[in-house]
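Please open the structure in your viewer and keep the selection tool at hand. The tour proceeds in stops, each naming what to select and what is found there.

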Amino acid sequence: MADNIKRVLVKLSGEALAAPDGYWLYAQTLAHLATDLAETTGQGFELAIVIGGGNIVRGARMSQAGWIDRPTADSMGMLATVMNSLALETALNAAGVPARTMSAVSMPTICETYARQPALHHLDRGQVVLIAGGTGNPFFTTDTAAVLRAAELRCDAVLKATQVDGVYSADPKSDPTATRYDRLTHDEAIARDLKVMDMAAFALARENRLKVIVGSVHAPSSVAAILSGASPSTMVAP
Ligand code: UDP
């Protein structure tokens, strides 16, 4: 991929770790993903990874049922991202990729607490840093955490791995005339009301002139293939 991209923050949805039958965590899915990420680091990319927790808990949805308040449900969601990160850390290490989890929610007996300087140090040494616990605050999503950490850690881009291979003019599942954009500016995405990521996250990306790449988590070797340009994607850049 052009654009001088070397350090990338990969945003994965929690569902990227689930089994084909939907079970929340599946060793084969993790191993597959770890192989893909090992290929990516083998190509010379430096990776920070933010994983969601949607395969376990989404706070907004859980609190809608009325029996639990939103901040508590969001705390559970943040904890879910730690579980996912520890699982992927294990799979990455097994694939020979040095990786460590850092959590925005302090839990020192389980993993390192996220702080910018040590995270930069790990990245500079070629380690994959898994950033867990989202932003550490309720009412946010891991999309926002991804953009925030990417800006802090001097990442050249955020790669959002999704169910589809880019940003489309309409929903490709319901509209056969929908076309995929190869490249867009942040302003064009807003003007055309295209959903790249949640609004708070995208506003932060725009403000920081951060590139956002959207590609499919389903392509074989998805992250490696998207970043090398072998798989289609959409690049949102200033
Ligand atoms: N969450 C939060 N603050 C954050 C990030 C995440 O409270 O900064 C909670 C929130 O409840 C969210 C859940 O963690 O629904 C899981 O994250 P997300 O929904 O972004 O996961 P994904 O949909 O990407 O799997």
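How many nonpolar, polar and charged residues does the shell around the ligand have? Before selecting that shell, please note that the model is predicted.

**First stop: the ligand and its shell**

Select the ligand together with the residues around it. The shell has eight nonpolar residues, 13 polar residues and three charged residues. There are 24 residues around the ligand, and those that come nearest are Gly52, Gly54, Gly59, Gly77 and Gly134. The elements that contribute two or more residues to this shell are helix 2 (59-64), helix 3 and helix 5 (142-152). Helix 3 gives the most, with six residues.

**Second stop: the whole chain**

Now select the entire chain and display it as a cartoon. Eight helices and nine strands can be traced in the chain. The C-alpha trace spans about 50 × 45 × 35 Å along its principal axes. Does the radius of gyration agree or disagree with that of a compact globule? For 238 residues, a compact globule would have a radius of gyration near 18 Å; the chain has 17 Å, and therefore the two agree. Of the 238 residues, 44% are buried. Among the contacts with a separation of 6 or more, 71% join residues that are 24 or more positions apart.

**Third stop: the sheet**

Hide the helices for a moment and follow the strands. Nine strands form an open sheet in the order 4-3-5-2-1-6-8-9-7, and the pairing is mixed. Strand 4 (112-113) and strand 7 (183-184) are the edge strands, each pairing on one side only. Bring back helix 3 (residues 70-94), which packs on the sheet and touches strand 2 (46-51), strand 3 (99-103) and strand 5 (128-132). The direction of helix 3 makes about 170° with that of strand 3.

**Fourth stop: strand 6 and its neighbours**

Select strand 6, residues 157-162. Are the residues of strand 6 buried or exposed? Six of its six residues are buried. In a regular strand, side chains alternate between the two faces of the sheet. On one side of strand 6 lie Ala157, Leu159 and Ala161, on the other Val158, Lys160 and Thr162, and both faces are covered.

Next, add strand 1 (residues 7-12), which pairs with strand 6 in the parallel sense over five bridges. Leu9 has Val158 as its bridge partner in strand 6, while Lys11 has Lys160. Then add strand 8 (residues 211-216), which pairs with strand 6 in the parallel sense over six bridges. Here the bridge partner of Ala161 is Gly215.

**Last stop: Val164**

Move along the chain to Val164, which is found in the loop between strand 6 and strand 7. Why does Val164 count as partly exposed? Val164 has this status because it has 18 C-beta neighbours inside 10 Å, whereas 20 or more would be needed for a residue to be buried. Leaving aside residues up to four places away in sequence, Val164 touches Pro172 and Ser216. Finally, select Leu120 as well: Val164 and Leu120 are 44 residues apart in sequence, and their C-alpha atoms are 31 Å apart in space.

Conventions
Residues numbered from 1 in each chain as written. Predicted model: local features only at pLDDT ≥ 70, side-chain atom pairs only at ≥ 80, totals over all residues. Buried ≥ 20, exposed ≤ 12 C-beta atoms within 10 Å, placed from the backbone. Helix = DSSP H or I, 4+ residues; strand = E, 2+ residues; numbered from the N terminus. Pairing = 2+ DSSP bridges. Rg over C-alpha atoms; globule rule 2.2 N^0.38 Å. Contact = placed C-beta atoms within 7 Å. Axes fitted to C-alpha atoms, helices over the stretch in contact; angles between N-to-C directions. Near = placed C-beta within 6 Å. Nonpolar A, V, L, I, M, F, W, Y, C, P; charged D, E, K, R; others polar.
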